[in-house]
Amino acid sequence: MTIATPLHVRRNDGLDTLRALAIALVFMYHYMCFVSGEASFGWASTVGWSGVDLFFVLSGYLISNQLFSGIVQGRALSLKAYYARRLLRTLPNFYVVLALYALFPLLMGGGAMPPLWKFLTFTQNIGLLPGTAFSHAWSLCIEEQFYLLLPAVILLACKFGKTMRSAWLLLAALILAGIATRSLLWLEYGRIADGAPQLYYPNVYYSTLCRFDELLPGVGLAMLKNFHPAAWRRALGWGNATLAAGMSALALLFALIVRDYYIEDYGYGYFMSGFGYSLLALAFAVLVLAALSPTSCLYRLRVPGAAHVAAWSYAIYLTHKPIAAILHGLVRNGTLRPALEMPLIVLASLAGGWLLYRLVERPFMALRDRLYPTNFLPVVGRAGALRAA
């Protein structure tokens, strides 16, 4: 959920709309799972877990674009600056919420805490059991693992002069590897007879090997933009058609999620488990492309409040579950009227995200931009680059 936007850069309204959509979907899903126990927001609650997939695509694009844009200019990546920028972006918010979970586990929603070292090493998602404290940090673990490996892959490609054809083949192979891994694990954990849903989440849903490929369509967009500029310009010219295609694909996939993702008395459907995650990421990547196209309605439309929700989205993601748990507890013990529960949780989640953003995230982003304004070393010559042919 950690999407880097330097404080001085003009925000893209289309991307802000997608960020706001992503956190709204996640909120509606978690409200169903941990507060109401029913689809309080209708089908949006049922498909809401896909908001994480949208965050993955956005993160894959934005981080890769930052790195590729410097590489095509001949600049040399500074690993020190890159990792410092990522840590200053990610850790402050995360450590504050982690400390609150460690100090007040019952207040923050109860459940056993995994070992602290798993949070500190971003390996908490490995073998994670549902219902444990701060379980929603699993997606942050996958993003951090991606951020750790991405520059190594890029530097190796630059060093050995790999072609863009090789890069695209590798990207496709990794997506197919994700589909194959999920398909194999579905055979063991997908159906109720084989242990689903108890074993599906730790072995499939939370697994790095099963979810890493959802960041790759975003990487593909960044590759297209930076290494194939002519094709990128043509793609941007089809903004509204791209938007229509992305929305149509997403509508179909949402319908499949409602019908076939989890099937009563059977378990998790194979198609959505094997192919669905990857197809969702590809559909969201099409929407990201539309958001980047000046000819698209998504690019031109400024949704009131979306920019603020987008800016606070990482903080909201980290805090909304414990806030919901606290307020839901007040409803259960009779302190709050049930009719007030939903609006209060919505408003408190927004307020909690805003507070964490203002007090922690924004100051550390300003510090990051002051100490490490770029991921790259000063230009002294042309660095190695991926070749187009």
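**Exercises on His320, helix 6 and model confidence**

**Exercise 1.** Identify the residues that His320 touches, leaving aside residues up to four places away in sequence, and state whether His320 is buried or exposed.

*Solution.* In this predicted model, the contacts of His320 outside that sequence window are Val26, Phe27, His30 and Ser349. His320 itself is placed in helix 16, which covers residues 313-332. Its relative accessibility is 3%. Buried means under 20%, so His320 is classed as buried.

**Exercise 2.** Determine which polar partners the side chain of His320 has in His30 and Tyr317.

*Solution.* First, consider side chain to side chain: His320 and His30 are joined by a polar contact of 2.7 Å. Next, consider the backbone: the oxygen of Tyr317 lies 3.0 Å from the side chain of His320. His30 thus appears both in the polar contact and among the residues touched by His320.

**Exercise 3.** Compare the span of helix 6 with its expected value, then locate its kink.

*Solution.* Helix 6 comprises 22 residues, 138-159. From first to last C-alpha it reaches 33 Å, close to the expected 32 Å. A kink of about 25° is found at Leu149, shortly before Pro151. After the helix comes Gly161, with a positive phi near 60°.

**Exercise 4.** State the average confidence of the chain and find where the pLDDT is below 50.

*Solution.* The average pLDDT of the protein chain is 92, and 95% of the residues score at least 70. Residues 4-8 have a pLDDT below 50, with 16 contacts beyond near neighbours in sequence. Residues 381-389 are also below 50, with 25 such contacts. Where pLDDT is low, predicted coordinates should not be read in detail.

Methods
Residues are numbered from 1 along each chain as its sequence is written. This is a predicted model: local features need pLDDT of at least 70, side-chain atom pairs count only at pLDDT 80 or more; totals for chains, interfaces and linings use all residues. Side-chain values use heavy atoms; hydrogens and water are left out. Helices (H or I, at least four residues) and strands (E, at least two) are DSSP runs, numbered from the N terminus. Buried means under 20% relative accessible area, exposed over 50%, partly exposed in between (1.4 Å probe, protein chains only). A polar contact is a pair of N or O atoms within 3.5 Å; within protein, one must be able to donate a hydrogen and the other to accept it, and residues adjacent in sequence count only if both atoms are side-chain atoms. Contact means heavy atoms within 4.5 Å. pLDDT is the predictor's confidence in each residue, from 0 to 100. The expected span of a helix is 1.5 Å times one less than its number of residues. The bend at a residue is the angle between axes fitted to the seven residues ending there and the seven starting there.
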